[in-house]
Amino acid sequence: VFEGLFVKNPETVNNYLEKPGFIESLSPNLKYPTLEVLKENLLEKEKTFDDCITWARNLFQIRYNWRHRQLLFNFPVNHVDSNGAPFWSGAKRPPAVLEYDPNDPLHLEFVVTATFLRAYTLSIIDGELSLIHISE
């Protein structure tokens, strides 16, 4: 999750901004995903810290609730494959659908961390801001 959003996507944006002809140099199958990354990070980017909080909360919902629900809809717990074997067996375990709970330290830490990383990546905050400043 984090490498793509906070390493690879910023690298793509920087390459686009710094290298003339960057888009044209990409193979055809990479152009559309690259344009999507550029759209999300240049045209539709968050503008305030509060926007980053909303983005992070939505990221949690997408990653740990909606995607898991969709996977379980497509492959219910009792689903069997074409050979009659249970789909969810061996190393494949059904995902747990998480409902966001702000009182759960892991849920809150995910949102706080993602918020700060997104805000930093978009230059909304600088590297000196810390949780100490937030609590003051």
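In which loop is Ser123 found? In this predicted model, Ser123 is placed in the loop that runs between helix H5, covering residues 105-121, and helix H6, covering residues 131-135. Although Ser123 is not a glycine, its phi is positive, at about 60 degrees. Ser123 counts as exposed because its relative accessibility is 63%, and the cut-off for that class is over 50%.

Confidence in the model was examined next. The mean pLDDT of the protein is 90, with 93% of the residues reaching 70 or more. Among the elements of the protein, helix H4, which spans residues 49-74, has the highest mean pLDDT, at 96, whereas H6 has the lowest, at 47. Over residues 132-136 the pLDDT stays under 50, and for this stretch the model has two contacts beyond four places in sequence. Where pLDDT is low, the predicted coordinates should not be read in detail.

The pockets of the protein were also considered, and the largest of them has a volume of about 280 Å³. This pocket is lined by 13 residues, of which Leu5, Glu40, Trp55, Leu59 and Ile62 are the closest to its centre. The elements that contribute two or more residues to the lining are helix H1 (2-18), helix H3 (28-43) and H4. Of the elements, H4 gives the most to the lining of the largest pocket, namely six residues, and H4 is also the element with the highest mean pLDDT. In terms of residue class, the lining of the largest pocket is made up of six charged, four nonpolar and three polar residues.

Methods: Residues numbered from 1 in each chain as written. Predicted model: local features only at pLDDT ≥ 70, side-chain atom pairs only at ≥ 80, totals over all residues. Heavy atoms only, no water. Helix = DSSP H or I, 4+ residues; strand = E, 2+ residues; numbered from the N terminus. Buried < 20%, exposed > 50% of the residue type's maximum accessible area, 1.4 Å probe, protein only. pLDDT = per-residue confidence, 0-100. Contact = heavy atoms within 4.5 Å. 1 Å grid on protein atoms, 1.4 Å probe; cavity = no way out; pocket = protein on both sides within 12 Å on 5 of 7 lines; lining within 4 Å. Points joined across faces, edges and corners; volume = space filled by probe spheres on them. Nonpolar A, V, L, I, M, F, W, Y, C, P; charged D, E, K, R; others polar.
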